[in-house]
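Here's a quick tour of a protein model with a ligand in it. Take a look at the sequence and the fold first, then read on.

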Amino acid sequence: MFYYSGSHQEAHYLYKDFQGRRLCKYQGSWYYYNTLQAVINFHNNFQPQETDIILASSPKSGTTWLKALTVALLERSKQQDDDPLNHPLRSDNPHGIVPFLENNLYLKSSTPDLTKYSSSPRLFATHMPLHTLKEGLKGSPCKIVFMCRNAKDVLISMWYFVCKYQRVEASRSILESLFESLCSGVTFYGPFWDQVLSYWRGSLEDPSRVLFMKYEEMKEEPYAQLKRLAEFLGCPFTEEELESGSVDMILELCSLRSLSDLEINKSGKNVNGVDYKFYFRKGEVGDWKNHLTPEMESRIDMIIEEKLGGSGLSF
Ligand code: A3P
């Protein structure tokens, strides 16, 4: 059952995803029924705090990495002792520490108990587009960080993820179905381009509130990008920290190699039953070149040109 206030647009049951699961369109984006209910729950019941930080992304764009880096940045001010083994990232997966608003918290309950996340600033994550997220934030000046990734690598990452999760072989036919969904825009949280553009425009309109990051830039210049993130969040590195190698320590702690080597990430599962190890694969830029045909590449390029042309955003 949905609970609409007067301002909500109607939800439509129009399409199915590549596996035949029904998707509903709401405020321009596609959701599975239960996630849409969670979005409505979030809109109706979330009580924002001014210091909240929201980590936003499209699925498979580096969400896990962004969560880990942000946790590590904020943990600097909380750490009581220097024992690195006590770091929360060593005993829990970034998704266990930073819950998704609509995918975890408001999926299970319309009024989830958020007391566990009471230490300030609270950290939450989302895949909703900016306009839908903002409705739940009700004018609160929370900081929002968005991680963007090149659509072709997102497609390949999603292909492997879906196949691992469903324990089926990563076949070409599944890749082709995902490709068609991406191109048509009918994907969970899609159209991909609209979601990315919502944050891109938001970051141009209010750069002190919305930070737009790119996975590729994080890979290319992690040191500079981590400093940028720290400054945006209001916890810049001090001269002393810079001299003592704090930036590199955080980058190492949050590297794909270090995180995927931890026991929790080898054998743990998230609250929805997904193995944490599925969130770690190659972490490379341009893996799509190993999988997409020239036709697929040029079709995606044409859509990017059509959708993002003139926006100032490129990938
Ligand atoms: P690949 O499948 O291309 O390797 P998300 O976290 O949004 O689900 O995205 C998953 C993608 O981010 C996967 O990409 C995964 O390997 C990569 N990833 C996960 N942790 C990472 C890290 N610490 N550093 C860099 N990339 C990471």
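What follows covers the ligand site, the helix packing and a few backbone oddities.

## Who sits around the ligand

First, a caveat: this is a predicted model. With that in mind, start with the ligand, which has 18 residues around it. Lys60, Thr63, Thr64, Ser157 and Gly283 are the ones that come nearest. Sort the shell by residue type and you get seven nonpolar, seven polar and four charged residues.

## Polar contacts and burial

Some of those neighbours reach the ligand through their side chains. Lys60 places a polar side-chain atom 2.6 Å from an oxygen atom of the ligand. Thr64 does something along those lines, with a polar side-chain atom 2.5 Å from a ligand oxygen atom. For Leu256 it's the backbone that counts: one of its N or O atoms lies 3.3 Å from a nitrogen atom of the ligand.

How much of the ligand does the protein bury? Taken alone, the ligand exposes 570 Å², and the protein buries 97% of that. Two elements give two or more residues each to the shell around it: helix H2 (63–75) and helix H14 (256–261). H2 gives the most, with three residues.

## How H2 packs against other helices

H2 is worth following away from the ligand too. Its axis and that of helix H13 (residues 246–253) come within 9 Å, crossing at roughly 140 degrees. That angle makes H2 oblique to H13. Angles have to be over 145 degrees to count as roughly antiparallel, and this crossing is put at roughly 140 degrees. As for handedness, H2 passes H13 in a right-handed crossing.

Helix H11 (residues 222–232) is another partner to look at. Here the axes of H2 and H11 come within 11 Å and cross at roughly 60 degrees. H2 and H11 are therefore oblique to each other; the roughly perpendicular class runs from 65 to 115 degrees. Left-handed or right-handed? The crossing of H2 and H11 is right-handed.

## Backbone oddities in the loops

Now for the loops, where a couple of prolines deserve a click. Ser120 and Pro121 are joined by a cis peptide bond, with omega at about -5 degrees. You'll find Pro121 in the loop between helix H5 (101–108) and strand E5 (123–126). A cis peptide bond also joins Gly190 and Pro191, and omega there is about -5 degrees. Pro191 belongs to the loop that links helix H8 (172–184) and helix H9 (192–205).

One more spot to check is Lys138. It isn't a glycine, yet its phi is positive, at about 50 degrees. Lys138 is in the loop between helix H6 (130–137) and strand E6 (143–148).

Notes
Residues numbered from 1 in each chain as written. Predicted model: local features only at pLDDT ≥ 70, side-chain atom pairs only at ≥ 80, totals over all residues. Heavy atoms only, no water. Near = heavy atom within 4 Å. Polar contact = N/O pair within 3.5 Å; in protein donor to acceptor, adjacent residues only side chain to side chain. Areas by Shrake-Rupley, 256 points an atom, 1.4 Å probe, with all protein chains shown as cover. Helix = DSSP H or I, 4+ residues; strand = E, 2+ residues; numbered from the N terminus. Nonpolar A, V, L, I, M, F, W, Y, C, P; charged D, E, K, R; others polar. Axes fitted to C-alpha atoms, helices over the stretch in contact; angles between N-to-C directions. Parallel < 35°, antiparallel > 145°, perpendicular 65-115°, else oblique. Left-handed = near helix turned anticlockwise from the far one by under 90°.
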